[in-house]
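Here is a friendly walk through one protein model, sheet by sheet and contact by contact. Keep the viewer open and follow along as we go.

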Amino acid sequence: MHISENVSLRDHNSFGFDISAEHFCSAKSLEEIQEALQWQKKHNKPLLVLGGGSNTVFTRNVDGLVLHVAIDQLTTEHNGNNINVYAGAGVSWHQLVKQTVFSGQYGLENLALIPGNAGAAPIQNIGAYGKELCDNLISVDVLHRETGETTTLNRKECDFDYRHSIFKTPAGADFIVLGIRIHLSPQDKPVITYQALKDAMQNRPSTAREVFDQVCLMRQSKLPDPKVIGNAGSFFKNPVIPCQQVDTLRKEYPDLPVFPYSNTECKLPAAWLIDRAGWKGHRTGDVGVHNKQALVLVNHGGGNGQQIAILADEIQKDVKQRYRIHLEREPTIY
Ligand code: EPU
C-alpha cells in the first residue's frame with residue numbers, strides 16, 4: 001500500500017472538481033485499510049474515506065489522508081433457491097447490477113446505472129424505480145475507524161429508511177464499509193410498481209433484463225452522465241411532510257404530485273418543486289440546474305464546489321419561501 005502526496009481528486013469525484021488531497025491511498029483489502037489507519041493515527045492526520053466520489057461535493061483541498069476503499073472482491077454462493085452475493089466496497093455498483101442480471105441472478109435490475117460503488121450503496125440506501133437497496137440487503141461488513149474492530153451489521157441494525165441508514169447518524173459515522181451481502185433470486189420476477197416504469201413496459205409481463213434495459217434508457221434520457229457533465233445525481237431528497245400541509249399546498253398548486261409515505265406523511269417530488277419555481281436549466285457561470293431533471297445540479301466544466309454550494313443554498317431558500325418546505329441535501333459538502 002502506497003501513500004502519495006498532493007494528489008488531484010479530479011477523477012475521484014463525480015462533479016470533476018480539480019481539488020487535491022494532502023495524502024492519498026487506495027486500499028484493496030482490510031489489511032491495507034488497517035495499515036492506512038495506523039499511518040493516519042501515527043501522523044495525527046484527519047481522515048476522509050472515499051468510495052466512488054459520487055456523493056461528495058468538494059469545496060476545498062483536503063487536509064490529511066484520503067482513503068479510497070477499493071476492495072473489489074465479488075463472490076456468489078448458491079443455496080437452494082437463494083443466491084447470496086458478497087460485493088467488496090470498491091465494486092462498481094452498475095457493474096454489480098449488470099453482472100448479476102446478465103447471469104440470471106435477479107433483484108437489482110431497477111437499480112441499474114446508479115453511479116458509485118457497492119460500499120456507498122447502504123449509506124444512503126440507494127433507490128430508484130420502485131426498489132431500494134434494503135429490499136435485497138442481508139448485511140454490511142464494517143470496520144470501526146477508532147477501535148479498529150470489524151463487525152457485521154444485519155439489515156435491521158442498519159436502520160434503513162428512504163435515503164437513510166445508521167451510517168448517516170453519529171452511531172454509524174465511524175464505520176468504514178468493507179462490503180455488502182445481498183440476496184438475489186434465480187426467478188425472473190421483476191418489480192414493476194413505479195408508474196413511469198409501468199407506463200414504459202405498457203403493463204405487459206416483462207423480464208428483469210427488460211427492466212434493466214428500460215431503466216438504463218430512462219436514466220440516460222433524464223440524467224447527465226457524470227463523465228460528460230459533472231454531477232452527483234439527485235442533489236436533494238424528496239421531502240416528507242405532514243399530509244395536512246399537502247392539502248394547504250394543493251389549494252395553491254392543484255397539480256402538485258404527491259406520493260404516499262405513511263399514515264400521516266406524504267412524499268413530494270423535490271424536482272417538481274424546483275422546476276415549478278423556475279430553476280430548471282438555470283445557469284450561473286459554469287454551474288447550474290440540469291435542463292432535463294431539476295433535481296440534478298451540474299458542473300458545465302469550469303465550476304467549483306463553492307459555486308455548487310451557493311446555488312444549492314439559493315434553491316433551498318427559494319423553495320422554503322414559496323412552499324414552506326425545507327429541502328434536505330443528499331451529498332456531503334466537504
Ligand atoms: N419532475 C418535474 N420536473 C423535473 C423532473 C421531475 O416536475 O425536472 C416531476 C415528475 O413529473 C414526477 C416527479 O417529479 O412527477 C418525480 O420525478 P422522477 O420520476 O424523475 O423521480 P424523482 O423523484 O425526481 C427519484 C430519485 C432518483 C431516482 C428516481 C426514479 C430521489 C431524491 N431521487 O427522483 O434518484 O432515479 O426517483 O426512481 O429520491 C439519485 O438519487 O441520484 C436519483 C437519481
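## A three-stranded sheet

Strands β15 and β16 (residues 265-267) run antiparallel and are joined by 2 bridges. In this pairing, F259 stands opposite K267 of β16. Keep in mind throughout that this is a predicted model.

The pair belongs to an open sheet of 3 strands, ordered β14-β16-β15 with antiparallel pairing. At its edges stand β14 (240-242) and β15 (259-260); each has a single partner strand, so one side of each is left without a neighbour in the sheet. Helix α6, covering residues 243-252, lies across β14 and β16. The helix runs at about 85° to β14.

## A four-stranded sheet and its helix

A second open sheet to look at has 4 strands in the order β13-β19-β18-β17, again with antiparallel pairing. Here β13 and β17 (283-284) take the edge positions with a single partner strand each, so one side of each is left without a neighbour in the sheet. Helix α8 (residues 305-323) packs on this sheet and touches both β18 (287-289) and β19. The direction of α8 makes about 35° with that of β18.

Let us zoom in on the edge strand β13. Although β13 stands at an edge, this strand (residues 230-234) is mostly covered, with 4 of its 5 residues buried. Its link to β19 (residues 296-299) consists of 3 bridges, and the two strands run antiparallel. You can trace the register from two pairs: G230 stands opposite N299, while S234 has V296 as its bridge partner.

## N299, a buried polar side chain

What does N299 in strand β19 touch? Leaving out residues up to four places away in sequence, its contacts are F15, G16, F17, I229, G230 and D286. The relative accessibility of N299 is 4%, so this residue counts as buried, the cut-off being under 20%.

The side chain of N299 also reaches towards the backbone further along the chain. One of its polar atoms lies 3.0 Å from the backbone nitrogen of G301. The backbone nitrogen of G303 is reached by the N299 side chain at 2.8 Å.

## Domains and the contacts of P331

The domain assignment divides the protein chain into domain 1 (4-69), domain 2 (74-220) and domain 3 (224-333). Between domain 1 and domain 3, the C-alpha centres lie 29 Å apart. The two are in contact through 10 residues of domain 1 and 18 residues of domain 3.

P331 is a good residue to select next. It is found in the loop between α8 and β20 (332-333), and P331 is buried, with a relative accessible area of 5%. How far apart are P331 and V57 in sequence and in space? They are separated by 274 residues in sequence, yet their C-alpha atoms are 6.7 Å apart. Setting aside neighbours within four places in sequence, P331 is in contact with N55, T56 and V57, as well as A232, S234 and F235. S234 is the residue of β13 that we met above as the bridge partner of V296.

## One face of helix α2

Which residues of helix α2 (residues 93-102) are buried? They are W93, H94, L96, V97, T100 and V101. Seen down the axis of α2, these buried residues fall within an arc of 160°, so they line one face of the helix. An α-helix has 3.6 residues a turn, so residues three or four places apart point the same way.

Several elements help to cover the buried residues of α2, including the strands β6 (74-79), β7 (82-88) and β12 (175-184). Helix α5 (208-222) is also part of that cover. Just after α2, G104 takes a positive phi of about 75°.

## A hairpin to finish

Strands β10 (residues 137-144) and β11 (residues 150-154) run antiparallel and are joined by 5 bridges. One of the pairs is S139 with its bridge partner N154 in β11. Together β10 and β11 form a hairpin with 5 residues between them. In the turn, G148 has a positive phi of about 80°.

Conventions
Residues are numbered from 1 along each chain as its sequence is written. This is a predicted model: local features need pLDDT of at least 70, side-chain atom pairs count only at pLDDT 80 or more; totals for chains, interfaces and linings use all residues. Side-chain values use heavy atoms; hydrogens and water are left out. Buried means under 20% relative accessible area, exposed over 50%, partly exposed in between (1.4 Å probe, protein chains only). The arc is that of the directions from the helix axis to the C-beta atoms. Contact means heavy atoms within 4.5 Å. Two strands pair if DSSP finds at least two bridges between them. Axes are lines fitted to C-alpha atoms, for helices over the stretch in contact, and angles run from 0 to 180 degrees between N-to-C directions. A polar contact is a pair of N or O atoms within 3.5 Å; within protein, one must be able to donate a hydrogen and the other to accept it, and residues adjacent in sequence count only if both atoms are side-chain atoms. Domain bounds come from an automatic or database domain assignment.
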